[in-house]
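Hi everyone, thanks for making time for this. I'd like to walk you through a structure that is new to most of us, so please have a look at it before I start.

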Amino acid sequence: MRGQILLLSGPSGSGKSTVLSRLFAEFSNVYFSISSTTRSPRAGEKDGVNYHFISLEEFEKDIKDGLFLEWARVHGNYYGTSLKPVLEALNNDKIVVFDIDVQGYFLAQKKYAKQITSVFLTTKNATQLENRLKNRASETQESIKERLKNASKEMEYIDKYDYIIINDDVNKAYDELRAIFISICLKSSNIKADEFLKIWNNKG
């Protein structure tokens, strides 16, 4: 299993989807791990593209059957990462990208610590995050309050991540994420050493 994992966390509204969409548009050696969730789709979201939208009963059965790499309950809904496609992508030398919360990060870290490069994306302050959430048509005053509360808790763990990106300027934030991604691609663990040595010794 030679693939690597880029794990991205950050408060809802920090801009994770924006920078990741640019990353996927530029690079092809990527597998984006699409999470499953029990929450209802937002306007414009599609099943199998943004999330796998499944029932509470199905999600809890899959938990029992051990079919998730990680799962967590956030804002009253379940979110989780199906294990099978992740393993397949890693075995095919892909860079697997996770967009998961802090709870999910710690669960994934227990299984794939050596392969994970972790990034925490955030706004420059809580006020900027609140303004972004207010600009979302899908958010209510109650949901904004809940998300800000959860964001404050998540911020307490930023020192557990390899990198912190402050998304005050989306172009700068993407450039920083892009540089991290390229460094992952260049990790020596991605090189098949035995095959390279044969070539280097003119035996390949």
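Let me begin with a term: two strands pair if DSSP finds at least two bridges between them. Please also keep in mind that this is a predicted model.

With that in hand, let's look at a hairpin. Strands E5 and E6 form one, with 2 residues between the strands, and His75 takes a positive phi near 55° there. E5 covers residues 68-74, and E6 covers residues 77-82. The two run antiparallel and are joined by 6 bridges. If you want a pair to find on screen, Glu70 stands opposite Thr81 in E6.

Is E5 enclosed or open to the outside? Of its 7 residues, 5 are buried, so this strand is largely enclosed by the rest of the structure.

Now let's place the hairpin in its sheet. It belongs to an open sheet of 4 strands, ordered E4-E3-E6-E5, with mixed pairing. E4, residues 52-53, and E5 stand at the edges with a single partner strand each, so each has one side left without a neighbour in the sheet. Further in, E3, which is residues 36-37, pairs with E6 in the antiparallel sense over 2 bridges. There, Ser36 has Gly80 as its bridge partner in E6. Helix H2, residues 56-64, packs on this sheet and touches E3, E5 and E6; its direction makes about 50° with that of E6.

On to the other sheet. This open sheet has 5 strands in the order E2-E7-E1-E8-E9, and the pairing is parallel. Which strands stand at the edges? They are E2 (30-32) and E9 (163-166), each with a single partner strand, so one side of each is left without a neighbour in the sheet. On average, neighbouring strands here are turned by 25° against each other, direction ignored.

Please find E1, residues 4-9, in this sheet. E1 is mostly covered, with 6 of its 6 residues buried. Gln4, Leu6 and Leu8 point one way, while Ile5, Leu7 and Ser9 point the other way, and all are buried. E1 pairs with E7, residues 95-99, in the parallel sense over 5 bridges. Two pairs show this: the bridge partner of Ile5 in E7 is Val96, and Leu7 stands opposite Phe98. E1 also pairs with E8, again in the parallel sense and over 5 bridges. In that pairing, Leu7 stands opposite Ser118.

Two helices belong in this picture as well. H3, residues 83-91, lies across E1, E2 and E7, running at about 145° to E7. H1, residues 16-26, packs on the sheet and touches E1, E2, E7 and E8, with its direction at about 150° to that of E1.

Finally, let's step back to the domains. The domain assignment gives domain 1 as 1-29 + 93-203 and domain 2 as 34-92. Their centres, taken over C-alpha atoms, are separated by 18 Å. The contact takes 25 residues from domain 1 and 18 residues from domain 2. Between them the domains bury about 1,600 Å², with 60% of that on carbon and sulfur atoms. And how many salt bridges are there between domain 1 and domain 2? The count is 0.

That's my tour, and I'm happy to take questions.

Notes. Residues are numbered from 1 along each chain as its sequence is written. This is a predicted model: local features need pLDDT of at least 70, side-chain atom pairs count only at pLDDT 80 or more; totals for chains, interfaces and linings use all residues. Side-chain values use heavy atoms; hydrogens and water are left out. Buried means under 20% relative accessible area, exposed over 50%, partly exposed in between (1.4 Å probe, protein chains only). Axes are lines fitted to C-alpha atoms, for helices over the stretch in contact, and angles run from 0 to 180 degrees between N-to-C directions. Contact means heavy atoms within 4.5 Å. Domain bounds come from an automatic or database domain assignment. Buried area is the accessible area (1.4 Å probe) that two parts lose on being put together, summed over both. A salt bridge is a side-chain nitrogen of Lys or Arg within 4 Å of a carboxyl oxygen of Asp or Glu.
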